[in-house]
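Biologist: I should like a close look at a single part of this model, namely the surroundings of the ligand. Please describe which parts of the protein form them.

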Amino acid sequence: MDELLSKENLELREQTREIAERYVRPIAAELDRNAEYPWPVVRALQEAGLMGVWIPKEYGGRGAGILNLCIVVEELSKACGGVGVTYAVNALGSFPIIVGGTDEQKKKYLPELASGRKLIAFGLSEKSAGSDAGSLRTRATKDGNSYLINGEKKWNTNGGAADIYTVFTTVNPERGSRGITGILVEKGTPGFVIGKKEDLMGIRCVPVHELHFEDCRVPTENVLGGKEGHGFKHAMMTLDLARPGVAAQAVGLAQGALDLAIDYTTKREQFGQTIASFQAIQFMLADMATQIEAARQLVYQAARACDLGAKNVSKFAAMAKVFATDTAMSVTTNCVQLFGGYGYCRDYPIEKYMRDAKITQIYEGTNQVQRLVIGRALIKESASSREGKETKE
Ligand code: CAA
């Protein structure tokens with residue numbers, strides 16, 4: 001389906017594919033074993049000018065949008081799902097600045113992120129505020145020309161590796177989601193400590209940490225958009241733009257696993273023939289390839305909708321995430337099956353794909369939350385079309 005992609009899409013895909021094959025695939029197992037951050041890959045992406053693909057040109061990025069971001073994430077994830085997310089999480093962290101930052105914040109932070117000189121993370125979740133993000137409790141209290149932040153964040157992807165953190169706080173818990181305020185916090189700010197590192201099942205090269213804030217003082221100019229109470233909307237708008245990236249990670253993982261499974265089943269012989277010559281195996285391969293292509297087209301369409309600033313991106317982004325990540329889980333599980341006993345061993349690369357795929361159904365909103373977003377959108381659309389008809393009558 002390359003005919004459906006632009007010259008720019010194809011060039012970015014080729015450029016990323018070369019980096020993935022040269023720098024990612026050879027070290028993917030080692031990064032996973034040692035839970036090690038992929039610095040050589042980040043450097044290669046920086047040199048290739050790929051770190052700021054989604055950042056507008058006026059702030060030093062490539063201005064290439066969400067579809068191109070998805071294409072890069074997909075290619076990296078084909079070789080290693082963990083590396084895919086170390087890249088994509090910079091988009092998640094920087095979208096709040098892009099959608100809600102002041103001009104000064106954009107000028108200060110986006111060029112450094114676009115060049116890859118600095119990395120960023122997104123701090124929304126807390127121990128008791130996961131799916132219910134609006135109930136977060138990290139508190140920001142105004143004190144003269146600054147805010148004092150107290151509290152803690154959980155599941156911070158890129159924690160420790162990142163230089164800048166978009167931290168969602170509440171200035172007034174009684175106001176619920178309307179009290180939530182995003183604040184940009186730089187690593188090294190006194191009172192900000194990178195806490196416990198999680199020991200993960202998959203995407204092990206990505207550091208996921210707790211973040212602790214104790215009387216952490218940040219200037220008022222670091223308040224996202226310069227106004228209190230807009231943080232929840234900025235976070236939701238960010239997730240709408242970022243979820244196609246998780247979906248692209250899932251497509252890459254599924255495609256990467258299928259490629260390995262085709263290679264294996266066309267070489268592995270049983271009963272005097274390759275196992276791929278059995279119809280049972282061909283049907284499995286055919287179903288997986290069809291599901292992956294369907295997921296890819298949905299992800300690309302959701303990304304195009306984001307790039308066009310379409311109204312209903314929340315629904316499409318959620319649909320892409322649900323469909324692609326459920327596909328990745330079922331495809332990677334079936335690929336392990338095709339490798340038989342060998343698939344269950346770490347000597348072969350396939351089991352890592354299954355471990356890496358699992359998180360895509362969980363983070364940036366569980367797939368249950370995505371279905372909630374889709375369901376709510378359907379009800380809203382139906383109510384507004386009813387209202388429209390009644391007005392005409
Ligand atoms: N865009 C703009 N505004 C939005 C919005 C959107 N997509 N969605 C909601 N809002 C606004 C609403 O209009 C509403 O505004 P008003 O106060 O003006 O009425 C306000 O936000 C509250 O909306 P809801 O009442 O719908 O909010 P809710 O409390 O019911 O929550 C939810 C909705 C969809 C469940 C949301 O909480 C959600 O997405 N939860 C999942 C959070 C999530 O994805 N967390 C993962 C974080 S990242 C991560 O995993 C770690 C990592 O580092 C990778």
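Modeller: The following account concerns the shell around the ligand. This is a predicted model, in which local features need pLDDT of at least 70 and side-chain atom pairs count only at pLDDT 80 or more, while totals for chains, interfaces and linings use all residues. Residues are numbered from 1 along each chain as its sequence is written, and side-chain values use heavy atoms, with hydrogens and water left out.

There are 25 residues around the ligand (a residue is near if one of its heavy atoms lies within 4 Å), and Ser 131, Arg 178, Lys 233, Asp 240 and Glu 364 come nearest. Among the polar contacts (pairs of N or O atoms within 3.5 Å), a ligand nitrogen lies 2.8 Å from a polar backbone atom of Ser 131. A ligand oxygen is 2.9 Å from a polar backbone atom of Gly 365, and an oxygen of the ligand is 2.9 Å from an N or O atom in the side chain of Arg 376. On its own the ligand has 1,100 Å² of accessible area (Shrake-Rupley method, 1.4 Å probe), of which the protein covers 73%.

Strand S3 (146-157), helix H7 (231-265) and helix H11 (367-392) are the elements that give two or more residues to the shell (helices are DSSP runs of H or I with at least four residues, strands runs of E with at least two). The largest share, seven residues, comes from H7. Because domain 2 (121-229) and domain 3 (233-392), with bounds from an automatic or database assignment, both give residues to the shell, the ligand lies between them.

Note on methods: Polar contact = N/O pair within 3.5 Å; in protein donor to acceptor, adjacent residues only side chain to side chain.
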